[in-house]
Structures are given as C-alpha cells and as structure tokens.
Amino acid sequence: MPDFDLFVIGAGSGGVRCARIAAQHGAKVAVAESRHWGGTCVNLGCVPKKLMVYASEGPEAAEDARAYGWDVRIGAHDWPRFIAAKDREIERLDGIYKSMLGKAGVELFVGRAKLIDANTIEIGPGPLDEQAEPRRVTAKRIVIATGGRPTRPPIEGAEHAIISDEAFHLKERPERICIIGGGYIGIEFAGIFSGLGSKVDLVFRQDLPLRGFDTELREKLSEALPHHGIAVHAAQSPERIEKLGEGHYRVILGNGETIETDCVFFATGRKPNIDGLGLEAAGVKTRDGAVCVDGNSATNVAGIYAIGDVTDRINLTPVAIAEGHTLAETLFADHARSWSYETTPKAVFFSEPMASVGLTEEEAAAKADIDVFTASFRPLRQTLIGRDRKAFMKLVVERESQKVVGAHMLGDAAAEMMQGIAIAVTAGLRKIDFDRTIGIHPTTAEEFVTMRSPTRQVDRQG
C-alpha cells in the first residue's frame, strides 16, 4: 500500500489548495516544500509587491491631501523600516499557510522533493533544512506544483543584475535603477521605484509594454509612463552590462545608447521550475521547459498531475488555485467545481493600475464583427489636484449577439472594478444589460454603464 493517497510537490497557492481540498474529502495527503510556504505569490510575488505599491503611493497621497486642504509634509522614505514590516507580514502569512495544511490533516515535509519513479518521491535537503536526511515515500497520485522562477537573459555582464526575487530584500533603495522588461514585473516595479523616489530607466524590446493586453490599453499606459518620471527605452534590448565600481553600472543598449545606474533589474520573464524534479525518471513529458498536461491537469504518466505555472498555461495565482481545487475534487469527490478560464481577469498594479477581462479588440475582431465603446476623461478626484491624468475605459461588444466579450481599463481602482465586470463578462451579459443598469454617481465606475454610442465599428478581420 502506498504511504499516501496524494503527494503534492510544492506548497504554493495551487499546491496548498489542492492538498487541503483533497484532505477535506478524506484523502491521506502530504506536501513537500523546499523554500517558502505559500510559494512565490506570498513570499516573492503578488503580496509583497502589492505592499511595495502601497508604499510607493505615499508621496502622491500627500500631494493629493494638500490639494484638498490638508497641511501635509512628506519626509524621506525609510526603506529598512518598510522592508522589515513587509517581512513580518510575509512571515505571518507563511505561518497561516502551514497552519491551514496542518488543520486539514496534511502531513508536511520540509525539503527538496524529486521523483524516483511514477509512485516514489525522495525528499532531501533544501534551503529550509540543509541538513535533512533523504527520505523516500510512496503515493498513489502525485501533483507537481513547483511554480516558476525568474530568468536572466544570456548577455555579457548578466551576473551584475538582480532578478525579482532579490528586489524584495535589497538592503537599501537604489537612487537609480534600470529595469529590463516590459511585462507585469517590469511595469509594476518601475512604478514602485519611481514612486519611492528612484530615477527609473525602463527598457523593453517591443514598441509597447505588456504584450498580450489590448493594444489601445497598452498605448494609454505607454503614454502614462513618462508622467511618472520613468524614462522609457522602447524597442530596445541590452547588449551588455559593465560594472564601473561598487554599486555603479553601465547598460549598453542595442542602438548604442548607454544608461548609468546603481542597480540593473532583470524583469525578463519566468519559466517553469522543473529542474531537479526527476521528471525524466518518472517518464513525464515536457515541452519547451513546461510539464505537458491535458484539460484535467493529467500528465502522460498515469497518476501524475501538474498545476499552476509549472505547466506554463495561464500563469496567475488564482488560476493555479482553481486548477488545484478542481483537481482535488475530481480525484476525491463526487463532483468538481468549474471555472471560466476564458474570462480570467488580470491586472497590472501600476499607478494608475490597469485591468482587463475577456477578449482584446484584436482577438474579438478576429472572430466576429464588433462594436467598440471607449471613454477617456479626468476623474472627479483629479479636478482639485490639477494632475493631468485620465481614466480610460473600453467595452468590446460582439455586434450580432450584443454580448460584451471584453472589458479594459486604465485608471484608479481599475482592478477593483474589473473583478465585478468580470462576473458580467463571464455570465455572457449583453450591452443592453449594462445600459439598463443604473450607475452610482459620482464614480468612475458608472462610465461602464453609461457608454451609449460606439466609438467605432470593426468588421471581422480575415
């Protein structure tokens, strides 16, 4: 008899959810974690990054308060104090994750796990316990939930740059920072460091940041970046990095331009964290460095599954949680919840934040004739401040059915609004349902239900 009904390798958000739900349905479950309980999101991703966003908003909040009559003065930012407070919160959350697993009856293993064969796992030393004696256990089913890890481009001098993991533990805030990459991580950290007072150079290889988002939304964000003091170097890539002295670097771009900085930060993407897992020994197939799975998260090997970023599908924490929950119920319950992955909302926590759900204009126009509704305006909050900052909102509507198939926004509270709009898009509501909904006035959100006339009509492309 196997030691466990289910063994989960990786205690990130997806792995923890899978283990807890399986245990609640009576399975004998174990989890192995080598580095961080709660995974990347809790320790080196979403949560600490959002805390850093909040910290970076202090100067603007003080400026806004003065515009509304408050005698507010902003002093210097105490980086070590903030980092210590952030670390205390992350430590608290780590404890909660371990406690949740323990209360659910899940056995915890501390160490680096790898597959010996399709039913055997060896747990050896890892960062949390470097002296651990290797131990082998067996399981009827195994779930690989080891997430992803940051990458470094193969350029000369790459060793002089930090990656996102290290950005959360810098001893001091760099006065100048050059961020390489125009995805989520690059944009968000550019906003963070700029808000905290650093001089930021942002380099990305495409004409616009945030590939995969609606093009018009990307254009609006690109226009906003310089207003936040960020020097943008679009359609450029670094050729090499030179160390000029301790904490002093030069980045040479492909066009010959040079940037002198105190810190170089690679935000050049992530890849599945599969090294050392023993996938070959178990016969698990991979493609382009990701674990291959079917629609039920099953690999090609019976009894072995994979969820979350390690499969390189939709690399977002809530998706990993949904996959883990569904898999646990599929394996150990008489029913399984369903999620609408096609309408997964997403957000970028810049200042102003942006958020989307459903199809971009380009994706929608590739499928059907569409009507596009847009609005761009200065929110009421900005009127006394005098800051030249506009909200942008967009609905993409399939013309024949009048279904709202996409919604996009750049502006304050975009992510908070988009969570509600995502329900409407997931439910397949029509434009008339938006139109007959009475707005809350005065709010920015009411614009989503007051856009009456199409900005343009786009016939199906191709």
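In the predicted model, the second largest pocket holds about 640 Å³ of space. Its lining is made up of 30 residues, and those that lie nearest the centre of the pocket are Glu57, Glu60, Ser351, Pro353 and Asp412. Four elements, α3 (46-56), α4 (58-67), α7 (184-195) and α12 (414-426), each give two or more residues to this lining, and the largest share, five residues, is supplied by α4. When the lining of the second largest pocket is divided by class, eleven of its residues are charged, ten are nonpolar and nine are polar.

Two of the helices that contribute to the pocket, α3 and α7, also pack against each other. Packed helices are in general described by the angle between their axes together with the distance between those axes. The axes of α3 and α7 come within 8 Å and cross at roughly 35 degrees, and the crossing by which α3 passes α7 is left-handed. On the side of α3 the contact is made by Lys49, Met52, Val53 and Ser56, and on the side of α7 by Glu188, Phe189, Gly191, Ile192 and Gly195. By class, the residues of this contact comprise four that are nonpolar, three that are polar and two that are charged.

Helix α7 is further placed with respect to a sheet, since this helix lies across β9, β10, β11 and β15 (264-266) and runs at about 165 degrees to β10. The sheet concerned is open and has five strands in the order β8-β15-β9-β10-β11, with parallel pairing. Its edge strands, each of which pairs on one side only, are β8 (162-163) and β11 (230-233). Within this sheet, β9 (residues 176-180) and β10 (residues 199-203) are paired in the parallel sense over five bridges, and Ile180 stands opposite Val203 in β10. The loop between β10 and α8 (215-224) contains Leu210, a residue that has a positive phi of about 60 degrees although it is not a glycine.

A second open sheet consists of three strands in the order β12-β13-β14, and here the pairing is antiparallel. The edge strands of this sheet are β12 (238-245) and β14 (258-261), each of which pairs on one side only, and the twist from one strand to the next averages 20 degrees. Strands of a sheet pair through backbone hydrogen bonds, in either a parallel or an antiparallel arrangement. The antiparallel pairing of β12 with β13 (residues 248-253) extends over six bridges; among the partners, Pro238 stands opposite Leu253 in β13, while Gly245 has His248 of β13 as its bridge partner. The hairpin formed by β12 and β13 has two residues between the strands, and in this hairpin Gly247 takes a positive phi near 70 degrees.

A further backbone feature is found at Pro442, which is placed in the loop between α13 (431-435) and β25 (456-458). The peptide bond that joins His441 and Pro442 is cis, with an omega of about -5 degrees.

Notes: Residues numbered from 1 in each chain as written. Predicted model: local features only at pLDDT ≥ 70, side-chain atom pairs only at ≥ 80, totals over all residues. Heavy atoms only, no water. Pairing = 2+ DSSP bridges. Axes fitted to C-alpha atoms, helices over the stretch in contact; angles between N-to-C directions. 1 Å grid on protein atoms, 1.4 Å probe; cavity = no way out; pocket = protein on both sides within 12 Å on 5 of 7 lines; lining within 4 Å. Points joined across faces, edges and corners; volume = space filled by probe spheres on them. Nonpolar A, V, L, I, M, F, W, Y, C, P; charged D, E, K, R; others polar. Left-handed = near helix turned anticlockwise from the far one by under 90°. Contact = heavy atoms within 4.5 Å.
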